[in-house]
Amino acid sequence: MKIPFTLNNENIVVDTNPDTALSAILRGNAIFSAKKGCDKGFCGACTVLLNNKPVPSCIVPMAIVKDSTIITLEYFCNTEDYQDIKNGFKAADIELCGYCNAGKIFEAYEIISKFERPEKAFVTKQVSHFPCNCTETAVLVDGILLAANYRRKRLSENTTGKDHGKK
């Protein structure tokens with residue numbers, strides 16, 4: 001079956017079984033940020049944005065992907081949102097191991113894009129499921145809260161100009 005979708009801002013069509021996992025298609029097309037992990041949707045290693053929502057690509061059948069937009073970490077790393085997350089993680093002294101990057105970065109993105117000032121307890125609950133222990137949950141939470149601050153500042157500067165005459 002031919003399945004059209006947008007991958008990293010490029011329209012493509014793949015000819016595949018509709019039950020094939022999105023992660024298999026991505027890895028077959030040299031998208032390696034969607035890592036092979038648990039194949040059950042729990043570890044976060046294969047996370048991508050599907051219509052701007054983080055999903056584990058290992059459990060997403062291609063039938064669902066039809067006419068959708070997929071963003072992978074390779075593409076996302078070139079965005080201002082990624083820079084906010086990167087700066088927040090750096091300020092919190094977070095160094096991800098590489099295995100869990102997509103899951104933790106896209107979870108951070110979902111939180112900071114939905115909530116201007118996310119609450120610590122909420123963020124803790126959202127990220128406590130990650131099985132990878134390269135970053136303690138409390139430190140990851142701090143990094144996400146800092147990323148939200150960077151994003152808020154950037155968006156404020158972009159929409160209001162430098163100071164609009166305020167001192």
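The paragraphs below lead through a predicted model, beginning with its sheet and moving on to its cores, its cysteines and a few backbone details.

The sheet is a good place to start. Five strands form an open sheet in the order β2-β1-β5-β3-β4, and the pairing within this sheet is mixed. Strands of a sheet pair through backbone hydrogen bonds, and they may do so in a parallel or an antiparallel way. At the edges stand β2 and β4, the latter covering residues 53-56, and because each has a single partner strand, one side of each is left without a neighbour in the sheet. From one strand to the next, the twist averages 40°.

Two of the pairings can be followed residue by residue. Strand β1, residues 2-7, runs antiparallel to strand β2, residues 10-15, and six bridges join the two; within this pairing, P4 has V13 of β2 as its bridge partner. The hairpin made by β1 and β2 has two residues between its strands, and in that hairpin N8 takes a positive phi near 50°. Elsewhere in the sheet, β3 and β5 also pair in the antiparallel sense, here over two bridges, and L49 stands opposite I71 in β5. In a regular strand, side chains alternate between the two faces of the sheet.

A helix connects this description of the sheet to the rest of the model. Helix α5 lies across β3, β4 and β5, and its direction makes an angle of about 35° with β3.

The largest nonpolar core holds 25 residues, and those that touch the most other members are F76, I85, F89, I105, V127, L140 and I144. At least two residues of this core come from each of the helices α3 (73-76), α4 (80-91), α5 (101-114), α6 (120-127) and α7 (137-160), while α5 gives the largest share, seven residues. The surroundings of F89 can be traced in detail: leaving aside residues up to four places away in sequence, F89 touches I94, L96, K104, I105, A108, L140, G143 and I144. A second core, separate from this one, has 19 residues, and I12, I25, L50 and M62 are among them.

The cysteines call for a closer look, since a disulfide is a covalent bond between the sulfur atoms of two cysteines. The structure holds zero disulfides. Why does C100 not form a bond with C134, the cysteine whose sulfur is closest? The two sulfurs are 3.4 Å apart, which is too far for a bond, given that a disulfide requires cysteine sulfur atoms within 2.5 Å. The surroundings of these cysteines can also be described: C100 is buried, with a relative accessible area of 1%, whereas C134 is partly exposed, with a relative accessible area of 32%.

Finally, two loop residues deserve attention for their backbone angles. A30 lies in the loop between α1 (22-28) and β3 (47-50), and its phi is near 60°, a positive value in a residue other than glycine. D67, in the loop between α2 (62-65) and β5 (69-71), likewise is not a glycine and yet has a positive phi, of about 65°. Is the side of the model where D67 sits best described as buried or exposed for this residue? D67 is exposed, with a relative accessible area of 61%.

Note on methods: Residues numbered from 1 in each chain as written. Predicted model: local features only at pLDDT ≥ 70, side-chain atom pairs only at ≥ 80, totals over all residues. Heavy atoms only, no water. Core = buried A, V, L, I, M, F, W, Y, C linked by side-chain atoms within 4.5 Å. Buried < 20%, exposed > 50% of the residue type's maximum accessible area, 1.4 Å probe, protein only. Helix = DSSP H or I, 4+ residues; strand = E, 2+ residues; numbered from the N terminus. Contact = heavy atoms within 4.5 Å. Pairing = 2+ DSSP bridges. Axes fitted to C-alpha atoms, helices over the stretch in contact; angles between N-to-C directions.
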